[in-house]
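Ready for some practice at reading a protein–DNA model? Work through the exercises below with the structure open beside you.

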2 protein chains.
Amino acid sequence: MTGFIIQNPTLEQCLKAVKMGIGARRLLIMLGELRVDYFGRGSSELDYGERLLIVKSDGSLLIHRPTNVEPVNWQPPGSLYRAYVKRGLLVLEAYRKRPEERVKVTFRRVSLVGVYHLKDEAEFKLYTAEEIMKKAFIKRPDLVEKGLRVVLEEKRLRAGLVDCFCVDSSNRPVVVEFKKDRASVEAVEQLSRYVDELRRGNPEVRGILVAPSITREALERARSLNLEYRRLDVRSCIRVLESIGESVKPLEYFEG
Amino acid sequence: MTGFIIQNPTLEQCLKAVKMGIGARRLLIMLGELRVDYFGRGSSELDYGERLLIVKSDGSLLIHRPTNVEPVNWQPPGSLYRAYVKRGLLVLEAYRKRPEERVKVTFRRVSLVGVYHLKDEAEFKLYTAEEIMKKAFIKRPDLVEKGLRVVLEEKRLRAGLVDCFCVDSSNRPVVVEFKKDRASVEAVEQLSRYVDELRRGNPEVRGILVAPSITREALERARSLNLEYRRLDVRSCIRVLESIGESVKPLEYFEG
DNA sequence: TTCTCAATTTCGTGG
DNA sequence: CCACGAAGTTGAGAA
């Protein structure tokens, strides 16, 4: 990792570092007192305050306040930049075309500016909860219902992509939809759209919503739409997969 | 803004700064070569690479790679921390209960550690595209249909919050729902839930989905549910509001 | 490019 | 604390 950092830089030092850092596609970090104006898909305004600004090597812009995971303002990769000094203020503009959007950052004071070149080639591996549930269900359909048989691991309908298409012990088609969290009315509606489409061809089609829990409203709506609910949580699925020797998480995790 | 920064710190300096920074609810910034393991709602693994780590004063954790707006790993506000040195490696663990989640960061090298106290009291003001559309519609309902009259700017139903409740020139009730982007099947379903609820009391109730465009499937579903669609885009709304002297964006914006 | 859906979504608001 | 819906959602994958 190569780079440099300047504490309490002059405006000129700062402007130079910013232009160099962004131009050379480095990571730019700035701490200072700044305001932000945004206009594009929406429109926002944020008066002066002390914040952290980051420009990444792909042109992403992030402005972080002292709290929250989400940046208060941002600009996606590929944004174009313009930096200048005007009336004693350092201005950084990030521009994006399609959709047309602009973020303008005005610094009243800069406490820190840093430019670094990061090397990061590692591959990010993620297992989502729904993947885990589905994987376990495919191995052991009886987790949801005895006699169930998986026909298709996914099925594309006009209404969307069905999680699992099965038949039950009486040969009735069954659409299975997984939710890792408590199932909401939205989830029931989604399953309903799939089942509706298939019931036009065969009114016998069943729909099962599989989730660790379900809201009262969602259960009511499911009943009125003749859909079913089965309880299943991610933790049980992990146990099942581990018991049959399937890896579901990075090994050697939290040994300490 | 008060704080300090250490370049190429020793492990001990680093550990001390980390504990102090997080303990005192400051902003902690670290640049170094690190790996990340996560387990909770999902599960992820990321081998060593050069990245930026941030812990905010509310306990949020962010780990950023050199590209993308989104952090590769994170932990929400209120997380609890544990830091220690083990076999020459600096480890930082962020823990969250409910849902139970852990992020473990292992540093092989630290190039920079900084601790700062930021003061940021400003209020963030955001105008969303839907707000702009609704505002324009309330001023000029004929943007959607001649003779329409707004009765309630919002109306709470069991099914949710209706954008606008109106009556048409024949005194039929009309539910209006705005979407800033191309309207999807989801949007139609949402409007359908509102209208269904009201049609139980009065089968004459109309539902109009207002959006810049609509998908083929959504339009079909709207027709089959006896709902209507009217084209309206945000840009026209902004023009309308500006023409009647309503502010829709921060003033003095991008004067240069 | 456009569309469709998932996300460790996050975030706010109302009950 | 739970439920629900919006977001400048972002991001990936398929048509």
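The residues of the surface near DNA strand C divide into seven nonpolar, seven polar and ten charged. Here, "near" means that a heavy atom of the residue lies within 4 Å of the strand. Ala, Val, Leu, Ile, Met, Phe, Trp, Tyr, Cys and Pro count as nonpolar, Asp, Glu, Lys and Arg as charged, and the others, Gly among them, as polar.

Before you start: this is a predicted model, where local features need pLDDT of at least 70, side-chain atom pairs count only at pLDDT 80 or more, and totals for chains, interfaces and linings use all residues. Residues are numbered from 1 along each chain as its sequence is written, chains are lettered from A and ligands numbered from 1 in the order in which they are written, and side-chain values use heavy atoms, with hydrogens and water left out.

**Exercise 1.** Find which residues come nearest to DNA strand C, and look at their phosphate contacts.

*Solution.*
- Step 1: Among the 24 residues around the strand, pick out A:Arg98, A:Lys180, B:Arg41, B:Asn73 and B:Trp74, which come nearest.
- Step 2: Check what part of the DNA is touched: 80% of the strand C atoms within 4 Å of the protein belong to sugar or phosphate, and the rest to bases.
- Step 3: Look for polar contacts (pairs of N or O atoms within 3.5 Å). The side chain of A:Arg98 has an N or O atom 2.9 Å from a phosphate oxygen of strand C, and for B:Trp74 the distance to a phosphate oxygen is also 2.9 Å. A polar side-chain atom of B:Arg182 sits 3.1 Å from a phosphate oxygen of this strand.

**Exercise 2.** Now turn to DNA strand D: which side chain has an N or O atom 3.0 Å from a base nitrogen?

*Solution.*
- Step 1: Start with the surroundings: 24 residues, with A:Trp74, A:Arg182, B:Leu126, B:Lys180 and B:Gln190 the closest.
- Step 2: Sugar and phosphate make up 76% of the strand D atoms within 4 Å of the protein.
- Step 3: The base nitrogen's partner is A:Glu101. On the phosphate side, B:Thr128 has a side-chain N or O atom 3.3 Å from a phosphate oxygen, and B:Lys180 has one at 3.3 Å too.
- Step 4: Sort the surface by class, and you get seven nonpolar, six polar and eleven charged residues.

Key. A polar contact is a pair of N or O atoms within 3.5 Å; within protein, one must be able to donate a hydrogen and the other to accept it, and residues adjacent in sequence count only if both atoms are side-chain atoms.
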